[in-house]
Amino acid sequence: NGRWYGASAVGRYTISAKESVALRVEWFSDPDAIRTGSKADLSSATVNYERKVTSQLMARIEGRIDGASEFIFGPAGAPSKHQSTISFGLVLRF
């Protein structure tokens with residue numbers, strides 16, 4: 001038995017027929033270490049930009065910042081309470 005809980009908020013703004021931006025903020029608490037293996041509070045903020053290249057192809061770039069109340073990110077020799085990532089992707093619709 002254990003408890004864990006969280007919340008998120010998401011928003012999206014359409015700039016034009018081909019472009020949009022989105023923001024997602026999340027918070028997660030695992031006081032009994034059931035889901036993460038650590039009694040940690042986690043949070044993240046993500047912003048993404050997407051552009052339709054064609055009617056079937058979309059390009060997306062995303063930046064994300066994660067934070068935690070414990071040292072759970074990074075390699076074993078140099079753990080951190082924060083991490084930042086950026087990704088780029090292509091989505092093909094068919």
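**Exercise 1.** In this predicted model, classify Arg60 as buried, partly exposed or exposed.

Solution. Step 1: take the relative accessible area of Arg60, which is 29%. Step 2: apply the cut-offs, with buried under 20%, exposed over 50% and partly exposed in between. Step 3: Arg60 is therefore partly exposed.

**Exercise 2.** Find which residue forms a salt bridge with Arg60, and state where the two partners lie.

Solution. Step 1: the partner of Arg60 is Glu50, and the closest N and O atoms of the pair are 2.8 Å apart. Step 2: a salt bridge requires the side-chain nitrogen within 4 Å of the carboxyl oxygen, and the 2.8 Å of Arg60 and Glu50 satisfies that. Step 3: Arg60 belongs to strand β4 (residues 57-68) and Glu50 to strand β3, ten residues apart, so the pair links distant parts of the chain.

**Exercise 3.** Identify the residues that salt bridges with shared partners join into one network together with Arg60.

Solution. Step 1: the network consists of Arg12, Glu50 and Arg60. Step 2: Glu50 forms a salt bridge with Arg12, again with closest N and O atoms 2.8 Å apart. Step 3: Glu50 sits in strand β3 (residues 40-52) and Arg12 in strand β1, so this pair ties together parts that are 38 residues apart in sequence. Step 4: for the surroundings, Glu50 is buried at a relative accessible area of 7%, whereas Arg12 is exposed at 57%.

**Exercise 4.** Describe the salt bridge between Arg24 and Glu26, and the exposure of each partner.

Solution. Step 1: the side chains of Arg24 and Glu26 meet at 3.6 Å, N to O. Step 2: the relative accessibility of Arg24 is 26%, which makes Arg24 partly exposed. Step 3: Glu26, at 28%, is also partly exposed. Step 4: for context, the structure holds six salt bridges, the pair Arg24 and Glu26 being one of the salt bridges found.

**Exercise 5.** Determine whether strand β1 is buried or lies in the open, and how β1 is joined to strand β2.

Solution. Step 1: strand β1 covers residues 5-14, ten residues in total, and the number of them that are buried is zero. Step 2: β1 therefore lies largely in the open. Step 3: β1 is joined to strand β2 (residues 19-30) by ten bridges, and the two strands run antiparallel. Step 4: one of the bridge partners is Ser20 in β2, which pairs with Thr14. Step 5: along the chain, a hairpin of four residues connects β1 to β2.

How values were computed
Residues are numbered from 1 along each chain as its sequence is written. This is a predicted model: local features need pLDDT of at least 70, side-chain atom pairs count only at pLDDT 80 or more; totals for chains, interfaces and linings use all residues. Side-chain values use heavy atoms; hydrogens and water are left out. Buried means under 20% relative accessible area, exposed over 50%, partly exposed in between (1.4 Å probe, protein chains only). Two strands pair if DSSP finds at least two bridges between them.
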